[in-house]
Amino acid sequence: MTTAGASRSDAIPQVLAGPILRRVSEQRLALWVAAREPVRWRLKLTVDGDDQPLLDRPLTDAEHTKLRFGGQLRVYLLDVELTTPLPRDQLIHYNLGLQGDGENSHHWHWIAEWAPHLCLPGHDSPNFILKHRLDRVFHGSCRRPHHPAGDGLARVDLELQNSTAEQRPALLMLTGDQIYADDVAGPMLHACHEVIRRLELPVEPLPAEEPADSEALRLHPYGFYHRDDLLPHSEFNEAVTERFFGGVRKPVFTSASAGNHLITLAEVMAMYLLVWSPRPWELVDDHIPVSLPRERDRYLEERQTLLAFRQTLPQAARALAHLPSYMIFDDHDITDDWNLSALWESTAYEHPFSRRIIGNALVGYLVNQAWGNTPERFGEHLKTLNQLLANTRDGRLDAATLDQLIDALLASQQWHYTLDTTPPLVVLDTRTRRWRSEVSRARPSGLMDWEALTEFQHELIGRDSVIVVSPAPVFGVKLIEVIQAVFTWFGQPLMVDAENWMAHRGAASVLLNIFRHSRTPANFVLLSGDVHYSFVYDVRLRHRPDAPRIWQITSSGLKNQFPGALLDWLDRINRWLFASWSPLNWFTKRRRMRIRPRSPRGRSRGERLWNGAGIGEVCLDASGQPRRIRQLGADGRDTEFDAPTTDARQLGRTSREST
C-alpha cells in the first residue's frame, strides 16, 4: 500500500535484515538477506591467513532468488554452488558486496559499510567455520521479544567473541517458536504497521465481512489488544463440544494472548524483520496508538521491555551472521496449539479466515526459515509466491492466488530434513504430520503419524550415532504429562497444552519401539525446546543397559521462562510422586526405560529443572556422545548438567527413576 506522507526510500536502510548464514557444506553456501531495492550481489570468500580469495565474483541470476514484497522490500536467498570445496576446520571470511540499480559496476558496497554491527571486533566482515564433525552445538527455542528475560541469541554473540576458531560451535539449531505470531506486544504490533507503511507492503483482502482488508484491520478500533474479538469463531455439534462448551461459539484460536494476533502476510513479514535485525526499528516512531488509560499503561510497560530487546538486537543479528543456522517450527511460529487435535484442525481449517491467518504464518515460515534449511525443496511454492507478488494490482494482493499457495503449503509434507553431518542431524516435523486420535477428535493427536515415524526409522538405519531434533521433548517431566492427561480425560487438552509424545498411545508406542529396534543407532542425542525450562535425562533400556544410549537435552527458552514458583513446586512434587521406589513408574508408557535425571549445578540438592533464558550447549566426543552439557544464561548465569553419579548404590537407586 502507498500511504500519504510516507518517507522517501532513501531514508530506509538499503539492507533491512541479514545476511543470516543458513545451510553450509563443502560445496554450497546459502545466505538469507532482506533489502530495500533491487540489488546485485558479489560474494567474496577468503580462508583466514590466505591472500588469495577462494571466490570473488558477482552472483549470477541462478544463484539468487528474489521475492519482491511491495514497493520497498525484496527478500533474497543467495544459494551458491561452489566449484572449489570449502576447507574444513578453518576460519572462512565472507563478504557481500551490493550495487543498486544504475551504479558503477566497479564500485561495490561491502558489509562493513551497510551493516557494521555484523562484524566481530577486529574484523571487517563476518566469518564462519565448517567443522568436520559436530563437536559443539548450540540449540534453543522460544524467543518472545517482550518477555523481560535477556536474549539467548545475544549470549551466543558473547560466546563467539570469547571462543577461538577451534572452539566455535559447529552450528546453531533453533528448535521452535522463533517468533510468537499469536502473542504480540502492542508496541511490536505498532512497529509492524510502521514497517508495512514505510516499505509499502501490499494490502491483503481478508475473507471476512469486517475487517474487509488489512488496511481496515489497521484502522479498526479492535486492532490493538482486542483482536481476539475479531478472530473467527465456530459452532460444532460434536458431543464433546456440547458437553464441555455448552454448544456456545468458541474461539478458533486458543492462545491466551491473542489480543494482538498477527493476521496478514505483511504483518508476519514485518515481524520477522523486527526480531532479526535492528535496522527496521529505524522506521518506527514513538506514536502510541491506544488511548484508554489501562491499555496505555500496558503499552508503555511493554515498550520498556522491547527497548531492552532492541538494545541487544545487533548482537543477536551478529550471531546469526556467523553460525550456520537451522530452524524448525513449533506452534507459536504459527499459532498456539497448532494442530493439537483433529477437532482443532477441522475448526481452524474449515473457516476461511482462520485458514488464511494460519496460512499467512506458514508462508512467512517458508520465506524466512524453511527456505534456508533446504533451498532446493520449495521451488514450486516459491514460483506460486512469486506469481502472487508479481500480480499485485494497485497495491493489493490477489486473494485467490494467496489461498492457492496456502492450500499447497498446508498439504506439504516436506518441512522435515536431515543434515549429512557427523553425526547426522535429523530434524523432525512434529506439527503437520499428526497421528489423529481414533478415540475422540478432541483428544491430542500424536506428534507424528505412523508413516512419518516409519520414514524416521528408515533414516536411522545404518547410523552409529545421531542427533535428533524434536521440538517437544520425547522424555518430559512425568508429573506435567500426568496433569495434561487428566485434563485431556476431562475433555480440556487445550487448557494445558496437552502436547507430548506420550499423549497418544500409537505414536508413543512406535517411537519407543524405534529406540528398542536391533538396528537402531548406538547413540541418540535428542534436542528439544518448547517447555520454557531446561533439563537433561540419561535414558537406557532396562534389559539392554549398554545400547542404545539416549540423552534427552532440553533447552528453553531463548527469551522466555516458566513461572519460577510454580516450576519449583512441580519439580518437587514430581520427585515425590515418581521417585525410584514409586509404583507409579510402572503405569507409564516408558516403564521399560531407565531414566536418570542430571542435576543442574546451582540448584538445590535433588532439583532437576533449570529455569532461565539462554542458549543450550552440547559438546560431543568423536563417537557422538555428549561430554559436556550446559545452559548458558542470557543473564550470565550458567549451569552445567552433571552426569549421574557412578557410585554403585546411588546408581542402583537413580537408574530406576522414570521422571
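## Aromatic rings

Rings of Phe, Tyr and Trp pair if their centres lie within 6.5 Å, with the six-membered ring used for Trp. In this predicted model, ring pairs join F329, W338, Y365, F378 and W415 into a cluster. Searching the whole structure turns up 16 aromatic pairs.

One of them is worth a visit in your viewer: W32 and W276 meet edge-to-face, with 5.6 Å from centre to centre and 80° between the planes. This pair links distant parts of the chain, since W32 belongs to strand β2 (residues 28–35) and W276 to helix α6 (residues 265–276), 244 residues apart. Both W32 and W276 are buried.

## Charges over rings

Two tryptophans have a charged side chain over the ring. K44 lies over the face of W110, 4.7 Å from the ring centre. For W551, the charged end of R540 sits over the ring, at 5.0 Å from its centre.

## An open mixed sheet

Now to the backbone: an open sheet is built from 7 strands in the order β13-β10-β9-β22-β23-β24-β21, with mixed pairing. β13 (325–327) and β21 (599–600) stand at the edges and have a single partner strand each, so one side of each is left without a neighbour in the sheet.

What is the sense of the pairing between β21 and β24? These strands pair in the antiparallel sense over 2 bridges, with β24 covering residues 639–642. Here S599 stands opposite D642 of β24.

## Cysteines

How many disulfides does the structure hold? The number is 0. As for individual cysteines, C119 is buried at a relative accessible area of 9%, and C192 is buried at 0%.

Methods:
Residues numbered from 1 in each chain as written. Predicted model: local features only at pLDDT ≥ 70, side-chain atom pairs only at ≥ 80, totals over all residues. Heavy atoms only, no water. Pairing = 2+ DSSP bridges. Helix = DSSP H or I, 4+ residues; strand = E, 2+ residues; numbered from the N terminus. Disulfide = S-S within 2.5 Å. Buried < 20%, exposed > 50% of the residue type's maximum accessible area, 1.4 Å probe, protein only. Phe/Tyr/Trp six-rings, centres within 6.5 Å; stacked < 30°, edge-to-face > 60°. Lys NZ or Arg CZ within 6 Å of the ring centre and 35° of its normal.
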